[in-house]
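I opened the model to look up one loop residue and then the pockets. My notes follow.

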Amino acid sequence: TVKGRMHIEETLNVPYLGAIPTYDLADPTEGGDMPHKRVDLYAHYRPNSRVAEASRSLRTNLLFMQPDNPLKTLVVTSAHPREGKTATSTTLATALAAASGSCVLVDTDLRKPRLHKVFGLQSDRGVTNYILGDDTIGDLIRKTEVPGLDLLSCGPLPPSSSEILHTERFKQLIEELKARYET
């Protein structure tokens, strides 16, 4: 069990960058009306909340980790389902988009993708279409309701998801996105 910031830094020998607090939909001090079905966009709907402030602090810490080599890509993952990957990704992407005005969120969950649902978009075309050579990035990127934040959904689910992300074509995708977006 990890018991706090110091324990993380000592045990893992990595810097502590921050934590996102638990969302509280019922707390009136957190902001205005929040659509319950849009909880993963908490920081967008409640920009003055503790969650939004913590995400901006995490964003700043990430950006200042290596000021001479600015962050261009970030992977959010976990060992098990339902540990907050989608909420963390959208919260951090919202903060990054607010700072840079140019951020893309890429859904590479090729088993149970959810990011398209968060933004109310289709996932019929996306990463897998690009990897198969069916479409260009420009054809696949979707604007979201969050200013400065675009989405590249996963697309059709492949039979062998782990192999898709290890292809040369996926590496090309990442390089093209890095050239188009700040974060």
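I began with Leu 121, which lies in the loop between α5 (115–118) and α6 (127–131). Helices here are DSSP runs of H or I with at least four residues, strands are runs of E with at least two, and both are numbered from the N terminus. The model is predicted, so I noted that local features need pLDDT of at least 70 and side-chain atom pairs count only at pLDDT 80 or more, while totals for chains, interfaces and linings use all residues. Residues are numbered from 1 along each chain as its sequence is written, and side-chain values use heavy atoms, with hydrogens and water left out.

Is Leu 121 buried or exposed? I found Leu 121 partly exposed, with a relative accessible area of 24%; buried means under 20%, exposed over 50%, and partly exposed in between (1.4 Å probe, protein chains only).

I listed what Leu 121 touches, leaving out residues up to four places away in sequence: His 116, Arg 142, Lys 143, Thr 144 and Leu 151. Contact means heavy atoms within 4.5 Å. I also looked up Thr 94, 27 residues from Leu 121 along the chain; their C-alpha atoms are separated by 17 Å.

Next I checked helix α1 (residues 5–12) and counted zero buried residues among its eight. Asn 13 follows α1 and has a positive phi, near 55°.

Last, I turned to pocket linings. Which element gives the most to the lining of the largest pocket? I found that α4 does, with seven residues. A pocket is an open set of points on a 1 Å grid over the protein atoms alone, where a 1.4 Å probe fits, with protein on both sides within 12 Å along at least five of seven lines; lining residues have an atom within 4 Å of a point.
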